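Colleague: Please take me on a close look at one part of this model, the packing in its interior. I would enjoy a little background on the whole chain along the way.

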Amino acid sequence: MGPLGAPLVQGPLTVTDFVRYQGASGDMNPIHHDAEFARAAGFPTVFAVGMRQAGVLAAFVADRLGPDNVRRFEVQFRAIAWPGDIITYTGEVTAVEETATHTVCTVAVQATRQTGEVHLAGTAVFEVPF
């Protein structure tokens, strides 16, 4: 049990990152790329598409324990990420259970802003064959 390798650090986030993800996902909500629209909705500017960082976090842990071994991945959005933010992705193995054919690993996952504020937090479960 312990850290799942070195953290992944990405950023600074840009509006271009948001738009590229929006185009790929089909979610073109202007709140993520139109500053005037975001201000009209009560925000100081546009903000990150949370699912983008959730996807990076999922890939981060899957790269370490194998994408074929993922059994569950869930995250909660805790804080907004803004243009200019640097995001650090981490995983920590919190439980290991041996079965007859697999090692079941539970991993606490997190994406943190450079301020120390948690952007995303959740859990991933992997079944790694022997």
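Modeller: Happily, starting with charges: Lys and Arg count as positive and Asp and Glu as negative, with His and the chain ends not counted, and each is placed at NZ of Lys, CZ of Arg, CG of Asp or CD of Glu. The mean positions of the 8 positive and 13 negative charges of the protein chain lie 4 Å apart. This is a predicted model, where local features need pLDDT of at least 70 and side-chain atom pairs pLDDT 80 or more, while totals for chains, interfaces and linings use all residues. Residues are numbered from 1 along each chain as its sequence is written, and side-chain values use heavy atoms, without hydrogens or water.

The protein chain has three helices and six strands (DSSP runs numbered from the N terminus: H or I, at least four residues; E, at least two), in the order β-β-α-α-α-β-β-β-β. Of its 130 residues, 36% are buried (under 20% relative accessible area; exposed is over 50%, partly exposed in between; 1.4 Å probe, protein chains only).

Now the interior. The largest nonpolar core (buried Ala, Val, Leu, Ile, Met, Phe, Trp, Tyr and Cys joined through side-chain atoms within 4.5 Å) holds 27 residues, and Val61, Tyr89 and Val107 have the most contacts inside it. Helix H3 (50–65) and strands S4 (87–98), S5 (102–113) and S6 (118–129) each supply at least two of its residues, with H3 giving the largest share, six. Leaving out residues up to four places away in sequence, Val107 touches several residues (heavy atoms within 4.5 Å), among them Leu4, Val61, Leu65, Val93, Ala124 and Phe126.
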